[in-house]
Amino acid sequence: MADKKLTIRILTPDGTLHEGTASAVFLPGAVSPFEVLPDHAPIISALGAGDIRIEADGQETRFPVRNGMVRVRNNEITVCAEL
């Protein structure tokens, strides 16, 4: 699993905010925050206010969001969010 990567795309009403790969993604779920690692089970979830945290190559990047939706499937994460 160490060599597997996630592909993440963050979309907003204004366009694509971020697109890249990650080793882990932390999301502000509407009920509680959760983490997505490679080979995560498929899921569709609402997002609440908070930061999307992306870990890639030993660095962390944060994107604050107000709300949105996320779909995780086949190591691909697609987020539709409002900033």
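Trainee: What makes strand β6 and strand β7 count as joined, and which way do they run?

Mentor: This is a predicted model, by the way. Two strands pair if there are at least two bridges between them. Seven bridges join β6 (residues 50–56) to β7 (residues 59–65), so they count as a pair, and they run antiparallel. For one of the bridges, look at Ala56, whose partner in β7 is Gln59.

Trainee: What do β6 and β7 form, and what sits in the turn?

Mentor: They form a hairpin, with two residues between the strands. Asp57 is in that turn, and its phi is positive, about 55°.

Trainee: How do you know that β8 and β9 pair?

Mentor: Same test: at least two bridges are needed. Seven bridges join β8 (residues 67–73) to β9 (residues 76–82), so the pair passes. These strands run antiparallel, and Met69 stands opposite Cys80 in β9.

Trainee: Which sheet has β8 and β9 in it, and why are β2 and β5 at its edges?

Mentor: It's an open sheet of five strands, ordered β2-β1-β9-β8-β5, with mixed pairing. β2 (15–22) and β5 (43–47) each have a single partner strand, so one side of each has no neighbour in the sheet. On average, neighbouring strands here are turned by 15° against each other, ignoring direction.

Trainee: What makes Arg53 a charge over the ring of Phe26?

Mentor: For an Arg, CZ must be within 6 Å of the ring centre and within 35 degrees of the ring normal. The charged end of Arg53 is 4.1 Å from the centre of the Phe26 ring, so the distance fits, and it does sit over that ring.

Trainee: How many aromatic pairs are there?

Mentor: Zero in this structure.

Terms used:
Residues numbered from 1 in each chain as written. Predicted model: local features only at pLDDT ≥ 70, side-chain atom pairs only at ≥ 80, totals over all residues. Heavy atoms only, no water. Phe/Tyr/Trp six-rings, centres within 6.5 Å; stacked < 30°, edge-to-face > 60°. Helix = DSSP H or I, 4+ residues; strand = E, 2+ residues; numbered from the N terminus. Axes fitted to C-alpha atoms, helices over the stretch in contact; angles between N-to-C directions.
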